[in-house]
Each structure stands twice: as structure tokens, then as C-alpha cells.
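Please work through the exercises below with the structure open beside you. Each task is followed by a solution that goes step by step.

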Amino acid sequence: MRTKISLSALIICMLLTLPSMAQMSKDEYKEWKNKAKDLKKNPEELKALVEENESLKSKTSSLNSQVENLKGQLSNKNAQIAEAQQAAKEAEAAANAARKKLMEMEQKPQKKAITLDDSGVWFKVQVGAFKNIDMSEYFKNNPNFSGETTEDGAQRITLGRFRDYWEADRFKKVLRDMGVKEAWIVPYKEGTRVPLKEVLESLGPKPTN
């Protein structure tokens with residue numbers, strides 16, 4: 001008796017869970033009622049239907065879990081895309097700012113580099129020759145501070161730029177009085193350093209005072 005009641009209850013539950021049960025016509029209802037009676041007579045078929053129903057429920061649950069997982073992955077991808085778009089906007093803004101700054105700099109009047117006339121004879125005062133020291137960045141646009149590198153890698157530093165030898169000589173003496181004992185005069189002819197003997201004839205008379 002208990003088995004019949006259990007089978008009847010299962011059949012009723014299955015009938016109640018059928019989709020569109022409330023929309024059945026009378027003929028459909030009779031048809032399914034007859035099928036339910038047949039299932040009561042065949043417990044094995046009923047058992048198979050119940051197990052198949054449970055299997056479908058399990059598959060549905062698994063599919064729902066996969067759908068939720070895919071939704072999570074999609075959400076992460078959307079977040080990554082949003083971050084990438086924001087980074088692209090920031091990079092574009094930085095590039096635009098750099099271009100604007102460059103245009104502003106190009107529109108500003110540029111300082112003209114000081115051009116020197118190297119023709120004729122010039123005199124400078126050398127204050128030393130140094131190795132492992134590079135002061136060339138300080139030579140730019142500074143006609144009174146210059147230097148040149150020798151074959152052995154030393155950098156000769158010179159101060160002043162004089163057309164008159166004796167003026168250069170007075171400057172040399174001032175530097176020596178200041179403690180630069182190695183200060184001495186070096187001549188340049190047409191922009192090239194030359195020995196003093198090559199320009200001796202161009203020297204004017206030494207001032208009497």
C-alpha cells in the first residue's frame with residue numbers, strides 16, 4: 001500500500017511540474033491521466049523518468065553555474081577594457097599636452113647663438129690642462145670661456161679673448177696674482193692655435209705705463 005501511494009504521489013508531482021499544465025485541453029488532460037495510470041503499472045519506467053528528470057535538473061544546474069562563470073569572466077573583460085580605454089585617454093591627453101608644449105616652444109623667439117669672428121690673430125690665457133674633466137657644456141655661448149681637447153685626452157681650458165697681446169698679458173698677471181700660477185698666453189690665428197713665434201710680428205709695442 002505504501003508503494004502505491006509513493007508511486008501515485010510521484011506521478012502527481014510529475015504531472016504538476018509539466019509545463020503549460022494549466023493550459024491543457026480536456027482531451028490532453030485525459031491523455032496524460034491515462035499515461036499516469038500506465039506509469040503506476042510500470043514502476044521501472046516511472047523510476048527511469050524520475051532519474052532522467054533529476055539528471056536534467058543536475059545538468060541545468062551545471063549549465064547555470066557555467067553561465068554565471070561566463071558572466072563573471074565577461075564582467076572582468078569589460079573592466080579590463082574600461083581600464084585600457086582610460087589608459088588610452090590618459091596617454092592621448094599626455095601626447096596632446098606634449099605637442100602643445102612643443103608648439104609653444106617653437107613659437108617662442110629662439111636665442112641666437114653667439115657667433116665669433118675667428119679671422120686674424122687672437123690671444124687667450126690658458127689656465128690649465130685637465131684629464132677626466134669635461135667642461136665643454138660651459139663653453140656654449142660664452143666667448144670668454146673656452147677649451148679644446150688634446151690628442152692625449154686632456155682638455156685645455158682658456159679664459160678671455162683679446163686682439164691685443166699686452167691686454168692679454170695684463171689679464172694673465174691678474175690671474176697669477178689670484179693664484180693661477182700656470183696661466184700663460186696662447187695665440188690663435190684664423191681660429192687655429194699656433195706657436196707664439198708665428199704672430200710675433202703682429203705684436204704692437206708694449207705700453208709704457
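**Exercise 1.** In this predicted model, find the strand in which Ala-129 lies, and decide whether Ala-129 is buried, partly exposed or exposed.

*Solution.* Begin with the strand assignment, which places Ala-129 in strand S1, a strand that covers residues 121-130. Next take the relative accessible area of Ala-129, which is 46%. Buried would require a value under 20% and exposed a value over 50%, so Ala-129 counts as partly exposed.

**Exercise 2.** Which residue of S3 stands opposite Ala-129, and how far apart are Ala-129 and Arg-156 in sequence and in space?

*Solution.* Look across from strand S1 to strand S3, where the residue opposite Ala-129 is Arg-156. Ala-129 and Arg-156 are separated by 27 residues in sequence, while their C-alpha atoms are 4.1 Å apart in space. A further pair can be found in the same way, since Val-125 has Leu-159 of S3 standing opposite. In total, S1 and S3 (residues 155-162) are joined by 6 bridges, and the two strands run antiparallel.

**Exercise 3.** Describe how S2 and S3 are joined, and state how many residues of S3 are buried.

*Solution.* First consider the bridges: there are 5 of them between S2 and S3, and these strands run antiparallel. Among the partners, Glu-148 is bridged to Arg-156 in S3, and Gly-147 to Ile-157 in S3. Then follow the hairpin of S2 and S3, where 5 residues lie between the strands and Gly-153 has a positive phi near 95°. Finally consider the cover of S3, of whose 8 residues 6 are buried, so that the strand is mostly covered.

**Exercise 4.** In what order do the 5 strands form the open sheet, and which strands are at its edges?

*Solution.* Reading across the sheet, the order is S2-S3-S1-S4-S5, with antiparallel pairing. The edges are therefore strand S2 (145-149) and strand S5 (192-193), each of which pairs on one side only. As background, the strands of a sheet pair through backbone hydrogen bonds, in a parallel or an antiparallel manner.

**Exercise 5.** For Asn-132 and Glu-190, give the value of phi, the loop that holds each residue, and its exposure.

*Solution.* Keep in mind that most residues other than glycine have a negative phi. Asn-132, which is not a glycine, nevertheless has a positive phi near 60°. Asn-132 sits in the loop between S1 and S2, and it counts as exposed because its relative accessibility is 83%. Turning to Glu-190, its phi is also positive, near 55°. Glu-190 belongs to the loop between strand S4 (184-189) and S5, and with a relative accessibility of 52% Glu-190 counts as exposed.

**Exercise 6.** Where does Lys-41 lie, is Lys-41 buried or exposed, and which residues gather with Lys-41 in a patch of positive charge?

*Solution.* Start with the helix, since Lys-41 is placed in helix H2, which covers residues 26-41. The relative accessibility of Lys-41 is 71%, so Lys-41 counts as exposed. On the surface, Lys-41 gathers with Lys-33, Lys-37 and Lys-40 in a patch of positive charge.

Methods:
Residues numbered from 1 in each chain as written. Predicted model: local features only at pLDDT ≥ 70, side-chain atom pairs only at ≥ 80, totals over all residues. Heavy atoms only, no water. Patch = residues over 30% accessible without salt bridge, like charges linked within 9 Å, V, L, I, M, F, W, Y side chains within 5 Å. Areas by Shrake-Rupley, 256 points an atom, 1.4 Å probe, with all protein chains shown as cover. Salt bridge = Lys/Arg side-chain N within 4 Å of Asp/Glu carboxyl O. Lys, Arg positive; Asp, Glu negative; His and termini not counted. Charge placed at Lys NZ, Arg CZ, Asp CG, Glu CD. Helix = DSSP H or I, 4+ residues; strand = E, 2+ residues; numbered from the N terminus. Buried < 20%, exposed > 50% of the residue type's maximum accessible area, 1.4 Å probe, protein only.
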